[in-house]
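Hi,

Here's the structure I promised to pass on. Have a look at it first, and then read my notes underneath.

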Amino acid sequence: MRQALTQNLALLRRMFSPPLVGFFNVFVIGITLSLPAGLYVLLSNAQALTAQLSGTPQISLYLEMDASEDNVAKLRKQFEQHADILRSEFIPRAAALEQLKQTSGLGDVIGSLERNPLPDAFVIHPKQSEARVLEDLRNDLAKLPKVEIAQLDSAWAYKLEAFLKFAWMVVVILASLFGFAFIAITFNTIRLQILTRHEEIEVAKLIGATNGFIRRPFLYFGALQGLFGGIVAWLIIMSSLMLLNQQLAKLSQLYASQFILHPLSLGDSLTLLMFSMYLGWLGAWLSVAKHLSRFDARLPD
């Protein structure tokens, strides 16, 4: 076993030489991985920022003009027990009229009215901001007794949800394309390694070496190359975020706010490295399997 390990390590050293070629391969893989991973980071930050700026949409419930205090109390109790409602705010009709006087600039006109034309209202704060859930909640609240109008401005929620789905789909497509490119890079690298050592492989096959023994160092090489490429991608993303945050700090000062792009979490970083190792291993396995089948076909029975 020690002899096999020594042979595998020796072969790996030869596969990583010359170092300059190996460095450029790893650097190209790092750039390939950093593009979809960087878009994932930017989209995650944009999604969090959008949720912070827009907040959870509200549902306005306007009661019938003859709604009594008992009706209001029953509705408030129902809202407190509702699983999809975070909290509710009751706005009496008198308070609504007073606010209208102060904000509309028509205090004299409103004061001359014989009676208050505004109804009592509830402002509902849902727990979720998904457009479909909000629409279903609005429809349920509209059926409650003494509720005349249930209003939800859900257009922005649908637009935001559609945009985020589109953006995530772009990330998935790019990740798939660049993943195939990564596999192709590793496939071609291993192919060149096999072609330069085809005589060694043929001799090893003739003296009884198994396909697993021949395949193993190439798989190690593919996984290591993928790991180093993932590390380069991680460094590119982290350094890019540092540069962007420096510019965002200047921009946020102009808006009297504070924006910051959060880096990859520990879990996302480990996922990136494991995924890059797997793609490198897969590209190497496909390349070795193809060429070993050719070697087996040329060997005498």
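Below is what turned up, starting with the core and ending with one arginine.

Keep in mind that this is a predicted model. The largest nonpolar core has 17 residues, and L61, F79, F122, I124 and L141 make the most contacts inside it. Strand 1 (59–63), helix 3 (69–81), strand 3 (121–126), helix 6 (131–142) and strand 4 (147–152) each give two or more residues to this core. There's also a second, separate core of 14 residues, with I29, L33, F182 and L261 among them.

Back in the 17-residue core, L61 touches F79, D120, A121, F122, I124, L141, V147, I149 and A150, if you skip residues up to four places away in sequence.

Helix 3 is a nice one to look at. Its buried residues are V72, L75 and F79. They sit on the same side of helix 3, because they cover an arc of only 65° around the axis. That fits the usual geometry: an α-helix has 3.6 residues a turn, so residues three or four places apart point the same way. The cover over the buried residues of helix 3 includes strand 1, strand 2 (85–91), strand 3, helix 6 and strand 4. On the face turned away from the buried side you'll find D70, K74, K77, E80 and Q81, which are exposed.

Last, R93, which lies in helix 4 (93–104). R93 counts as partly exposed because its relative accessibility is 26%. Beyond its neighbours within four places in sequence, R93 is in contact with M65, N116, L118, P119 and D120. R93 and P117 are 24 residues apart in sequence, with 8.4 Å between their C-alpha atoms.

Cheers

Methods:
Residues numbered from 1 in each chain as written. Predicted model: local features only at pLDDT ≥ 70, side-chain atom pairs only at ≥ 80, totals over all residues. Heavy atoms only, no water. Helix = DSSP H or I, 4+ residues; strand = E, 2+ residues; numbered from the N terminus. Buried < 20%, exposed > 50% of the residue type's maximum accessible area, 1.4 Å probe, protein only. Contact = heavy atoms within 4.5 Å. Core = buried A, V, L, I, M, F, W, Y, C linked by side-chain atoms within 4.5 Å. Arc of directions from axis to C-beta.
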